[in-house]
Amino acid sequence: MALVNYTSDSDAESDAAVDRGPPAKKPRIDNEKALPPLPSAFHDLYASTVRTSTADDPSLHQGRVRQIPHKAGNWPSHVYIEWHPPNEAFSLLTKRISTLRKKTTDVTITSFLTSDLGVPLPLHISLSRPLSLTTADKDDFLTQLVSSIKRSNIPPFDLCIRDVEWHRTEESGRSFLVLRLESSSHTTSTSTVTNNKTPELTELLKRCNKIAKEYGQPGLYEWASDISSNDEGDSKKMAQKTSVSNAFHISIAWSFSPPSNELKQLTSRVFGPSFTSTSTAATATNIHKGEETTKTEPQGQPTDKVRTTTTTTTTTTPTYVHVDAVKAKIGNVVTNIPLPTPGRKGKV
């Protein structure tokens, strides 16, 4: 019988190595485009601020003092709308605040955008004052809040940034650099029936205040004509009050120093009108190759008559704050309350 030659494993491996050829290059992946954003509910699993002491120790909070002292058996609570700025808006805000800090040597400005480790932090719009709920009340409070939001018939909506300014609160002893807001429905409406620039936020605030008062908690922005019911029926007194739409804001930085006129003027120059997404003319800001460009469309004019302040051509994208849920933080537990979906309205 003739001998049969069998190919050894080493020979097969060497042949395969020759036939295989060079490995194909992996396609380059843009991480920002390849990875979708985390769902909003994911951020609720990890509280951005965690209690490290039951005593009020300002050294643990950059010198800040707690407005409501901790009391055993009570749960510090807050109702708010959370906003994670898109990449372009986050980059623009970070650059502007950094420029403002460099130009102000006598004022210490602390950003809300990132943690001490440089991790991006969520921003928020308050719908309540700091609350202190008892253990017996906290679950019922949350149940009533969820029910009221679901019955509000307010679908998801967008807000525009209409101004950037400093705001001082005496009770906290701090000054805040804030983004003033306006509903996109108000900017596109030609009606002059109401001066309220934030009808959706106002309705949500009324509902939150009503529930807070039922549990012996203070309401937010009760000085406003849209919120207080003390002067109902007295149109003269109502007209003398300020609309609550002037109060809604997103804080992006803070300082212990009162804002001087010089700081206010510097802030206006650093941020400029190009940052806001609403003004007398519809303005939109973009970032293109590290350069900011602005297109201005006078309201009521055709789009082919756009005046461009620079020669760079980009697609305009205004910064909007999309609102599709309200959040309630009780202790370190965050509950996400979605706004009603259109077509599935509850009974009021």
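This is a conversation about a predicted model of a protein chain and about the reasons behind the words used to describe it.

Biologist: Before we turn to single residues, what does the secondary structure of the protein chain come to?

Modeller: The protein chain has nine helices and 13 strands. Of its 348 residues, 36% count as buried, and the chain exposes about 21500 Å², of which carbon and sulfur atoms supply 52%.

Biologist: Among the aromatic pairs, why is the pair of Phe112 and Phe176 called stacked?

Modeller: The structure holds five aromatic pairs. In the one formed by Phe112 and Phe176, the ring centres are 6.3 Å apart and the planes stand at 5 degrees. Rings pair if their centres lie within 6.5 Å, and planes under 30 degrees apart count as stacked, so this pair is called stacked.

Biologist: What makes this a pair that links distant parts of the chain?

Modeller: Phe112 belongs to the loop between strand E2 and strand E3, whereas Phe176 belongs to strand E6, and the two residues are 64 residues apart.

Biologist: Why is Phe112 called partly exposed, and why is Phe176 called buried?

Modeller: Buried means under 20% relative accessible area, exposed means over 50%, and partly exposed is in between. Phe112 has a relative accessible area of 22%, so Phe112 is partly exposed, while Phe176 has 11%, so Phe176 is buried.

Biologist: Where is Phe256 found, and how do you know that Phe256 is partly exposed?

Modeller: Phe256 is found in the loop between strand E7 and helix H9. Its relative accessibility is 40%, so Phe256 counts as partly exposed, given that the range for this word runs between 20% and 50%. Phe256 and Phe176 are 80 residues apart in sequence, and their C-alpha atoms are 8.8 Å apart in space.

Biologist: What makes you say that the charged end of Lys138 sits over the ring of Trp75?

Modeller: The charged end of Lys138 is 4.8 Å from the centre of the Trp75 ring, and the cut-off for the distance is within 6 Å, joined to a second condition of lying within 35 degrees of the ring normal. Arg174 likewise lies over the face of Trp254, at 4.8 Å from the ring centre.

Biologist: Strand E6 also holds Ser175; why is Ser175 called buried?

Modeller: At 0% relative accessibility, Ser175 falls under the limit of 20%, and therefore Ser175 counts as buried. The side chain of Ser175 reaches the backbone oxygen of Ser257 at 2.8 Å. Setting aside residues up to four places away in sequence, Ser175 touches several residues, among them Trp166, His167, Trp254 and Pro258.

Biologist: How do you know that Ser245 is buried, and which backbone atom lies 3.3 Å from a polar atom of its side chain?

Modeller: Ser245 has a relative accessible area of 1%, so Ser245 is buried, since buried means under 20%. Ser245 is found in the loop between helix H8 and E7, and the atom you ask about is the backbone nitrogen of Lys197. Leaving aside neighbours within four places in sequence, Ser245 is in contact with residues including Arg162, Leu181 and Thr198.

Biologist: What makes the reach of helix H7 close to the expected one?

Modeller: Helix H7 has 16 residues and reaches 23 Å from its first C-alpha to its last, close to the 22 Å expected at 1.5 Å a residue. Among the buried residues of H7 are Glu200, Leu201, Cys208 and Ala212, and just after H7, Gly216 takes a positive phi of about 70 degrees.

Biologist: Why would anyone remark on a positive phi?

Modeller: Most residues other than glycine have a negative phi. Asn153 has a positive phi of about 60 degrees although it is not a glycine, and Tyr221, which is not a glycine either, has one of about 55 degrees.

Biologist: Where are these two residues found, and are they buried or partly exposed?

Modeller: Asn153 is found in the loop between helix H5 and strand E5, and at 25% relative accessibility Asn153 counts as partly exposed. Tyr221 is found in the loop between H7 and H8, and at 13% relative accessibility Tyr221 counts as buried. Ring pairs also link Tyr221 with Trp223 and Phe248 into a cluster.

Notes:
Residues are numbered from 1 along each chain as its sequence is written. Side-chain values use heavy atoms; hydrogens and water are left out. Rings of Phe, Tyr and Trp (its six-membered ring) pair if their centres lie within 6.5 Å; planes under 30 degrees apart count as stacked, over 60 as edge-to-face and the rest as tilted. Helices (H or I, at least four residues) and strands (E, at least two) are DSSP runs, numbered from the N terminus. Buried means under 20% relative accessible area, exposed over 50%, partly exposed in between (1.4 Å probe, protein chains only). Accessible areas come from the Shrake-Rupley method with a 1.4 Å probe; for residues, only the protein chains shown count as cover. The expected span of a helix is 1.5 Å times one less than its number of residues. A polar contact is a pair of N or O atoms within 3.5 Å; within protein, one must be able to donate a hydrogen and the other to accept it, and residues adjacent in sequence count only if both atoms are side-chain atoms. Contact means heavy atoms within 4.5 Å.
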